[in-house]
Amino acid sequence: MNLGIKKMTDLSKDWRNDIYAVFKSLDISMVSHVPDAGHTPLINLCEKDNEIDVVTLTTEQDGVGLSCGAYAGGRKSALLMQSSGVGNCINALALPNICRIPFLTIVSMRGEWGEFVPWQVPMGLGTPKVLEAMDIKVFRADYEEEVGVTVDAAAKFAFNTNRSAAVLLSQKMIGAKQFKNG
Amino acid sequence: MIDRRPFVQKILKDRKDNLRVVSGIGTSTWDIMSAGDNLGNFGFIGAMGQSIPFALGLAKAQPKLRVLLFTGDGDTLMSLGSLATIANHPVSNLTVIVLDNESYVETGSQPTATAGKTDLELVAKGSGISNSYTVNSEDDYDKIMNTVYNEEGPSLIVIKCQAKATPLVFPHSFDGAVSINRFMSSIKG
């Protein structure tokens, strides 16, 4: 049984399309990421879109500065990362906070639902706490049908109120990664 | 070794309308502010390591402007990966000037890695920013100005500076929201 992987590769009706639709409707034209399997179909959609700049980072924190610089230049962006990357961003999150720059991140969760790798658990448990500790408004989507409205709400919260917002995408929905040879 | 404060002032003297200037945490912000208040300046006073990705985002968003980042060796060393990001998502309008005094002057002049074996020009080149060079003399002023305004970037210039404390020259406001809104008014207008 490998339901998680099956979900991740089925693009025919996929909640990543709903996130992409929100990006388009709100003119989000720069997407940065340290890749995670859960985000891969969305990254692929963005890379096919000539109106969206996709920037592959070496560390998630650089996506915070990149996003703020893009906003200063008049462009909206979003940072995609796995929960383990949230820990890399903490001090950088001071930048959108003190400058009241809208900041949006979409976080695929690990270490919570059927996790196979114990190393993912500490940051998985810590992710909502450290985001809230940095005054980030945390939204969460546990089911596929709520992804679009949740990302839309979070993006509007960020861009309408000049604050930071994160959407945590539940591992229950994404599917736990299975390690298998071959 | 160059005396950084007057040299930064010289680079920013009679600046062109298409130049926007960002500075990283520490002395770099006091340096650019010492050249005179300008709506087209945005200076970091915190968030160490974020000035390079910020400048990249700005340069990508405003391809018709020239973006010049002044920052220090300490700020750069915290964000070496961002040099690889710049190299692989290149912007032709970005120049990064590293004012390399080989020390954390603001905290008591502890030596940085560039006082030891690390060469930021080589790091930048190895990261893929081919137009990277080191300046040890003010004689290279014209070369620097050509890079800032004319050359196809991204470029990174390491300016070797004296490690000495310089007078604090504060920006218009310490409130980041005020600073970024002033800066953005120079772009929207």
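I took two residues to be in contact if their C-beta atoms, placed from the backbone, lie within 7 Å. The model is a predicted one, for which local features need pLDDT of at least 70, side-chain atom pairs count only at pLDDT 80 or more, and totals for chains, interfaces and linings use all residues. Residues are numbered from 1 along each chain as its sequence is written, and chains are lettered from A and ligands numbered from 1 in the order in which they are written.

**Helix pair.** I looked up which residues meet between two helices of chain A (helices being DSSP runs of H or I with at least four residues, strands runs of E with at least two, numbered from the N terminus), and found Arg16(A), Ile19(A) and Tyr20(A) of α2(A) against Pro41(A), Leu42(A), Leu45(A) and Cys46(A) of α3(A). By class these residues are six nonpolar, no polar and one charged, where Ala, Val, Leu, Ile, Met, Phe, Trp, Tyr, Cys and Pro count as nonpolar, Asp, Glu, Lys and Arg as charged, and the others, Gly among them, as polar. The axes of α2(A) (residues 15-25) and α3(A) (residues 40-47) come within 9 Å and cross at roughly 45°, with axes fitted to C-alpha atoms, for helices over the stretch in contact, and angles running from 0 to 180 degrees between N-to-C directions.

**Sheet.** In chain A I traced six strands in an open sheet, ordered β2-β1-β3-β4-β6-β5 with parallel pairing, pairing requiring at least two DSSP bridges between two strands. β2(A) and β5(A) (137-141) stand at the edges with a single partner strand each, so one side of each is left without a neighbour in the sheet. I also noted that α3(A) lies across β1, β2 and β3 of chain A, running at about 130° to β2(A).

**Chain contact.** I recorded 27 residues of chain A in contact with 26 residues of chain B, and α4(A) gives the most to the chain A side, with ten residues.
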